[in-house]
Amino acid sequence: MKKYQGAFIKNEREIACLREANRMVANILDAIGDIVKPGETTMRFEELARDMCADYNVKPAFLGYYGYPYATCCSVNEQVVHGFPSPRLLEEGDIVSVDMGVVFEGFVGDAARTFPVGKVSEEACKLMRVTEESLYVGIEQARAGNDVYAIGTAVQDYVEAAGFNVVRQYVGHGVGAKMHEKPEVPNYHPGGRGLTLRNGMVIAIEPMVTAGSYEVDVLEDKWTAVTRDRRLAAHFEHSVAITPDGPRILSISDRGLNRTTIGC
């Protein structure tokens, strides 16, 4: 890897390792999505993720990261991110965001999706759909020569036009041999200029969108972030390589690139 203004430029072999790590993550998220239903627990998602990591012979990237005690982040309804898996029974109409990472041959895969639990409200469906669509709007800006802030500007404009808000406290990031590398990838425009994207960078783009205020609070467990007004939040994430042919999504499962919210 070569460094460019603090960001790492990956070669094709390194990007191939990142693609494989992200393929595993995407397969795990597919499997979790298959069992999301009323009466299920987020701890079951955690158990499934750990079992699949064992089958793949890879380490869960989140487990033990700065002391985080689980392999997955499972955030329900007003929980934005970093929610703990638990025995809580999911109910009809809930939404649950699952963030997952693995380490494969020294490289990190990182992706997230929000799933509906049974039939959800129109607001919840629209929130998830807009959040997922904003991710792809942001990915379109992940091109060599663009300012990294172009991604957040596109996401913010799309989300706010739909009547929702983008969380400011948590942002996307470079990803590679470490979970969080430079550059930071805001989901909004923070003002000024950011890093110029270059071919070989790999970034995790992850809009976190709220139905109400973008302000968040962190609970007493020191991890779980919730919306301050306790309205719904959604979270989608892909790891993306910057290439001469444009953005290449790495977190694609064996089933292909399926949109979670189509038909919601």
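Start by selecting I28, I32, F45, V96, V98, M100 and V102: within the largest nonpolar core, which has 39 residues, these touch the most other members. What you have on screen is a predicted model, so keep that in mind as you click around.

**Stop 1: the core**

Which elements give two or more residues to this core? Colour α1, α2 (42–56), β4 (72–76), β6 (95–104) and β7, and you have them. Helix α1 gives the most, with 10 residues.

Now zoom in on F45 and show its neighbours. Leaving aside residues up to four places away in sequence, F45 touches I32, I35, V36, E40, C74, L90, V96 and V98. There is another core apart from this one, made of 35 residues, and I139, A142, V166 and A234 are among them.

**Stop 2: a loop residue beside F45's neighbourhood in your list**

Next, select L89, in the loop between β5 (79–81) and β6. Is L89 buried or exposed? L89 counts as exposed, because its relative accessibility is 51% and the cut-off for exposed is over 50%. L89 touches G39, E40 and T41, again not counting residues up to four places away in sequence. Try a distance label here too: L89 and M43 sit 46 residues apart in sequence, yet their C-alpha atoms are 9.4 Å apart in space.

**Stop 3: the cavity**

Time to look inside. The count gives 1 cavity of 30 Å³ or more, and the volume of the largest cavity is about 130 Å³. To find it, select R113, Y136, H238, L257 and N258, the residues nearest its centre out of the 18 that line it.

What kinds of residues make up that lining? By class, there are 9 nonpolar, 6 polar and 3 charged residues. Elements that each supply at least two lining residues are α1 (12–35), β7 (107–116) and α3 (122–139).

**Stop 4: the pocket**

Clear that selection and pick Y65, H82, Y170, H180 and W223. These lie nearest the centre of the largest pocket, which is lined by 21 residues. The space in this pocket comes to about 400 Å³. Sort its lining by class and you get 12 nonpolar, 4 polar and 5 charged residues.

**Stop 5: salt bridges**

How many salt bridges does the structure hold? There are 16. Let's visit a few.

Begin with E20 and R23, a salt bridge whose closest N and O atoms are 2.6 Å apart. Both residues lie in helix α1, 3 residues apart, which is about one turn of the helix. E20 counts as partly exposed at 22% relative accessibility, whereas R23 is buried at 18%. Those numbers fall on opposite sides of a cut-off: buried means under 20%.

Then jump to R228, which has two partners to show you. One is E215, with the closest N and O atoms 3.8 Å apart. This pair links distant parts of the chain: E215 is in the loop between β12 (208–210) and β13 (216–218), while R228 is in the loop between β14 (225–227) and β15 (233–235), 13 residues apart. Both ends are partly exposed, E215 with a relative accessible area of 33% and R228 with 45%.

The other partner is D217, where the closest N and O atoms are 2.9 Å from each other. D217 is in strand β13, 11 residues from R228, so here too the salt bridge links distant parts of the chain. D217 is partly exposed as well, at 24% relative accessibility.

Finish this stop with D30, D34, R113 and R255, which are joined into one network by salt bridges that share partners.

**Stop 6: backbone oddities**

Switch to a backbone view. Most residues other than glycine have a negative phi, and most peptide bonds are trans. Here are some exceptions to select.

- Y66 is not a glycine, but its phi is positive, about 50 degrees. Look for Y66 in the loop between β3 (59–60) and β4, where it is exposed with a relative accessible area of 71%.
- K222 is not a glycine either, and has a positive phi of about 70 degrees. K222 lies in the loop between β13 and β14 and counts as exposed at 71% relative accessibility.
- The peptide bond from K182 to P183 is cis, with omega near 5 degrees. P183 is found in strand β10 (residues 181–185).

Conventions. Residues are numbered from 1 along each chain as its sequence is written. This is a predicted model: local features need pLDDT of at least 70, side-chain atom pairs count only at pLDDT 80 or more; totals for chains, interfaces and linings use all residues. Side-chain values use heavy atoms; hydrogens and water are left out. On a 1 Å grid over the protein atoms alone, a cavity is a set of points where a 1.4 Å probe fits but cannot get out, and a pocket is an open set with protein on both sides within 12 Å along at least five of seven lines; lining residues have an atom within 4 Å of a point. Grid points are joined across faces, edges and corners, and a volume is the space filled by probe spheres set on the points. Helices (H or I, at least four residues) and strands (E, at least two) are DSSP runs, numbered from the N terminus. Ala, Val, Leu, Ile, Met, Phe, Trp, Tyr, Cys and Pro count as nonpolar, Asp, Glu, Lys and Arg as charged, and the others, Gly among them, as polar. A salt bridge is a side-chain nitrogen of Lys or Arg within 4 Å of a carboxyl oxygen of Asp or Glu. Buried means under 20% relative accessible area, exposed over 50%, partly exposed in between (1.4 Å probe, protein chains only). A nonpolar core is a set of buried Ala, Val, Leu, Ile, Met, Phe, Trp, Tyr and Cys residues joined through side-chain atoms within 4.5 Å. Contact means heavy atoms within 4.5 Å.
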